[in-house]
Amino acid sequence: MAAPKLSQAAKVGAFLLLVAAGAWAIYATIFRQYGGGSGYVVHAYLDDASGLATHSRVTIAGIPVGSIDSIRLVTDATSPHRGQARVDVRVNKDVPLFSDGTLGKHAASLLGEFVVVLTPGTKAPQLHDGDEINVVPEEASVDDIKKNIND
């Protein structure tokens, strides 16, 4: 009688090990695909970061190439960017960005969700971990569009 219980316990243990291995494989694949842990981080300063959230996707030509690492308000009184949002973006290591590249915020839906869109640029030097993207094109907001329609 003890043998069937041991056999049942062994089956449950083996099943749990398989489930844990499968969960780890899925997690590792997703984490690697969206830039978690690999790549390099660049940042830009935005006047309006509404609609952005950490871990949101970052795209070039509609293709995911990274994710938003962090978003924070610059509060240092001596900083020229005081009152702006600093957006840190983790970009996959196989995606080069250059000094004339841009970072923009574009609407992903009419519900207020936004994604970060990069243009890689073409002029050397290449950006590295910790570098700033200086050129940030402003996108028309919903309020701007309403004002234009009213006018």
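**Figure 1. Strand 3 and strand 4 run antiparallel.** In this predicted model, strands 3 and 4 pair in the antiparallel sense, with 7 bridges between them. One position to look at is Leu 73, which stands opposite Ala 85 of strand 4. A salt bridge also joins side chains of these strands: Asp 69 meets Arg 90, with an N to O distance of 3.2 Å. Asp 69 belongs to strand 3 (residues 63-73) and Arg 90 to strand 4 (residues 85-91), so this salt bridge ties together parts that are 21 residues apart in sequence. Asp 69 is partly exposed, at a relative accessible area of 31%. Arg 90 has a relative accessible area of 17% and is therefore buried, the cut-off being under 20%.

**Figure 2. Strand 4 also pairs with strand 1.** The pairing of strand 1 with strand 4 is antiparallel and extends over 7 bridges. Within it, Val 42 has Val 89 of strand 4 as its bridge partner. Strand 4 thus appears in two pairings, one with strand 1 and one with strand 3. How much of strand 4 is buried? Of its 7 residues, 6 are buried, and the strand is mostly covered. As background, side chains in a regular strand alternate between the two faces of the sheet.

**Figure 3. Arg 72, Arg 86 and Asp 88 form a network of salt bridges.** Three residues are linked here: Arg 72, Arg 86 and Asp 88. For the salt bridge between Asp 88 and Arg 86, the closest N and O atoms lie 2.8 Å apart. Is Asp 88 buried or exposed? Asp 88 is buried, because its relative accessible area is 7% and the limit for a buried residue is under 20%. In the whole model, the count of salt bridges comes to 4.

**Figure 4. Asp 48 and Lys 105 link distant parts of the chain.** The side chains of Asp 48 and Lys 105 form a salt bridge, at 3.6 Å from N to O. Asp 48 sits in the loop between strand 1 (40-46) and strand 2 (57-60), whereas Lys 105 is in strand 5 (residues 102-107). The two residues are 57 residues apart. Asp 48 is partly exposed, with a relative accessible area of 40%. Lys 105, in contrast, is buried, with a relative accessible area of 13%.

**Figure 5. A nonpolar patch on the surface includes Leu 16.** Val 12, Phe 15, Leu 16 and Val 19 make up this patch, and together they have about 390 Å² of accessible area. Leu 16 is located in helix 1 (residues 2-33). With a relative accessible area of 54%, Leu 16 counts as exposed, because the cut-off for exposed is over 50%.

**Figure 6. The whole chain gives the setting for the close-up views.** The protein chain has 2 helices and 6 strands, arranged along the sequence in the pattern α-β-β-β-β-β-β-α. It has 151 residues, and 28% of them count as buried. Among contacts with a separation of 6 or more, 62% are between residues 24 or more positions apart. The accessible surface of the chain comes to about 10000 Å², and carbon and sulfur atoms account for 61% of that surface.

Methods. Residues are numbered from 1 along each chain as its sequence is written. This is a predicted model: local features need pLDDT of at least 70, side-chain atom pairs count only at pLDDT 80 or more; totals for chains, interfaces and linings use all residues. Side-chain values use heavy atoms; hydrogens and water are left out. Helices (H or I, at least four residues) and strands (E, at least two) are DSSP runs, numbered from the N terminus. Buried means under 20% relative accessible area, exposed over 50%, partly exposed in between (1.4 Å probe, protein chains only). Two strands pair if DSSP finds at least two bridges between them. Patches are made of residues with over 30% relative accessible area and no salt bridge: like charges are joined within 9 Å, nonpolar side chains (Val, Leu, Ile, Met, Phe, Trp, Tyr) within 5 Å. Accessible areas come from the Shrake-Rupley method with a 1.4 Å probe; for residues, only the protein chains shown count as cover. Contact means heavy atoms within 4.5 Å.
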